[in-house]
Amino acid sequence: MTALATMMEVPLTVELVLDRAQRWMKDVEVVSRRPDRRLHRTTYGVIAVRARRLARALVGAGIRPGDRVATLMWNHAEHLEAYFGIPLAGGVTHTLNLRLHPDEISYIATDARDRLVIVDDVLLPLFDKVVAAGATFERVIVVGSAGAPEGYEGYEAFLDSAPDVGLPTIAESDPLGLCYTSGTTGKPKGVLYSHRSTILHTLVEALPDSLDLSRSDTLLPVVPMFHVNAWGLPFAAAMVGAKLVFPGPYLDPPSVLELLESERVTVAAGVPTIWLGIREALDAAPAKWKLQPGLRMIVGGSAAPEQMIRDFDRLGMQLIHAWGMTETSPIGLVARVPPHLEGTDEALCYRLRAKQGVPPPLVDVCVRNDDGDVPADDRTSGELMVRGPWIASAYVGGHSPDRWTSDGWFRTGDVARVDEHGFVQLTDRVADLIKSGGEWIASQELENALMGHPAVREAAVIGVPHAKWSERPLAAVVLKPGATATAEDLRAHIAARFPKFWLPDEIVFVDAIPRTSAGKFKKTELRETYRGHYSAS
Ligand code: AMP
């Protein structure tokens, strides 16, 4: 006899998160820095009321289940209202990446068939270029304290127009958010998150061995809300009832430090470039900022160099390294030293923290090459594969089906190996591997080693065409302000760790390394710049 379980079937939707925040966390603050630098203060209670009003206004504007509503906004309270209000209307929040070229934003908005857009007034000059590039929206709703400029509809007026209508019933499998991949190879592709995937991701993200978020935290997401939903952190903060602090358009080190200090932030999140800048500002004026003791900084998006982790420990702050992708919502690996190794071998603990780590509950990973799953020997590499309830099972429109294996894994395109503790370490992107004389060289490993030199701020390694070896590595290095080192110093620093043929033929010193909109090294541009560099060889 088959027996049905006797538990309630409650759909896992973000409405549960909003209801709870409204009921039990209503006085918890949400602070946003405005474009005029003023701090705007509101609460989850107020945001919940306004998010529902936004949902009704959207239904009144004709938004129907599954329709896409775009946002072109910095991190602030109204963006949080959109995170909840659009899905409550049955819509899909499509966060447009304001760092992309207007032509690309236009392509993405058109591909997504965005019907409405909510845009910051300070971003209207960019938005006008997006429209000039061909994107069309039925309505443009402008957020800003000065009211909407002539010819535009204001956000507050839009909220006031909300009719007294009921909101649609949402199923947990309904889509809630849309994010496009950064598209370093090929056209950007859409990943459509569901309510269920978001709720499960949010729950697990907050766990102590994941990002360890609780009601006693004050969270500052420096990572933009248009990058994989600011790594899901706004949802997680609302779920646990943490105070939220949004930086608005100001992501420069002094502005971030001001907020960390004045709002007594306990946990912040951003890509390594952000923390590089903060480290430099703190080194330049160590006594200037009074930060919360034990401040945690979640870092991901690119590898966190071990030296950076050590430097922040010295400053009494803790970097927590995590790995993820647009396709993985994004949390897929977190590098926390297991308790039985804590306090043992210090060098080992730092090495582990600089790796990408182990998967959180409900996510599974494997590293495979042509011979199958690689052994946990810290040497053999393969491609990292991942599966779980918040991992994409397809791109919108079914593009690139070859990114999924026939047995249900998502191919990340990241090259990795696994050590005896089960820690995954990324060594490269498949596309960035360098092939020299028939042998593979992992560019990220060289970069991490170069960034371990005390004079190096950043290092990017690329393969440059070479007549004899087909490709040879070249390193572009940015030194720390005031620091000096020669190419020979740097080569000597890394020589012991790699086979001789891995060492870059040339180390060039540059002022900056080109970056993508998400702050990753833009190796396509570097490869273009140095394409002919070894041609005389
Ligand atoms: P995106 O989808 O734009 O977030 O990019 C995802 C890619 O960023 C991954 O496939 C990795 O190559 C890279 N990435 C993310 N987190 C890390 C990390 N902690 N260390 C190294 N690379 C990372």
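Domain bounds here come from an automatic or database domain assignment. In this predicted model, that assignment gives two domains for the chain: domain 1 is built from two stretches, 14-22 and 39-195, while domain 2 runs over 433-536. Taken over C-alpha atoms, the centres of domain 1 and domain 2 sit 41 Å apart.

Helix 3 is a good place to start looking around. This helix covers residues 77-88, 12 residues in total. From the first C-alpha to the last, helix 3 reaches 17 Å, which is close to the 16 Å expected at 1.5 Å a residue. Helix 3 is also mostly covered, with 12 of its 12 residues buried. Among those buried residues are Y83, F84 and I86, but also E78, H79 and E81. Two residues that might catch the eye in a helix, G85 and P87, are on the buried list too. Just after helix 3 comes G90, and its phi is positive, at about 90°.

Next up is the ligand. A group of 15 residues surrounds the ligand, and the closest are A322, T326, Q356, D414 and R429. Sorted by kind, the residues of this shell come out as five nonpolar, seven polar and three charged. Some of the contacts can be pinned down to atoms. T326 places a polar side-chain atom 2.7 Å from an oxygen atom of the ligand, and D414 also has a polar side-chain atom 2.7 Å from a ligand oxygen. A303 takes part through its backbone: one of its backbone N or O atoms lies 3.2 Å from a nitrogen atom of the ligand. How much of the ligand does the protein cover? On its own, the ligand has 500 Å² of accessible area, and the protein covers 91% of that. Two elements give two or more residues to the shell, namely strand 14 (318-324) and strand 20 (424-429). Strand 14 supplies the largest share, with four residues.

Following the chain on from strand 14 leads to a quirk in the backbone. S329 and P330 are joined by a cis peptide bond, with omega at about 10°. P330 itself lies in the loop between strand 14 and strand 15, the latter covering 331-335.

A couple of other residues have unusual backbone angles to check out. N229 is not a glycine, yet its phi is positive, at about 50°. This residue belongs to helix 8, which spans residues 228-231. Is N229 buried or exposed? N229 counts as buried because its relative accessible area is 10%, and the cut-off for buried is under 20%. S470 is another residue other than glycine with a positive phi, this time near 75°. S470 is found in strand 24, residues 470-479. With a relative accessible area of 45%, S470 is partly exposed, since that label goes to values between the 20% limit for buried and the 50% limit for exposed.

Last comes another serine, S517. Where does S517 lie? S517 is in the loop between strand 25 (506-509) and helix 16 (523-529). Despite that loop position, S517 counts as buried, at 13% relative accessibility. The side chain of S517 also has a partner: a polar contact of 3.0 Å joins it to the side chain of N97. By the domain assignment, N97 falls within the 39-195 stretch of domain 1, and S517 falls within domain 2.

Key: Residues are numbered from 1 along each chain as its sequence is written. This is a predicted model: local features need pLDDT of at least 70, side-chain atom pairs count only at pLDDT 80 or more; totals for chains, interfaces and linings use all residues. Side-chain values use heavy atoms; hydrogens and water are left out. The expected span of a helix is 1.5 Å times one less than its number of residues. Buried means under 20% relative accessible area, exposed over 50%, partly exposed in between (1.4 Å probe, protein chains only). A residue is near a molecule or strand if one of its heavy atoms lies within 4 Å of it. A polar contact is a pair of N or O atoms within 3.5 Å; within protein, one must be able to donate a hydrogen and the other to accept it, and residues adjacent in sequence count only if both atoms are side-chain atoms. Accessible areas come from the Shrake-Rupley method with a 1.4 Å probe; for residues, only the protein chains shown count as cover. Ala, Val, Leu, Ile, Met, Phe, Trp, Tyr, Cys and Pro count as nonpolar, Asp, Glu, Lys and Arg as charged, and the others, Gly among them, as polar.
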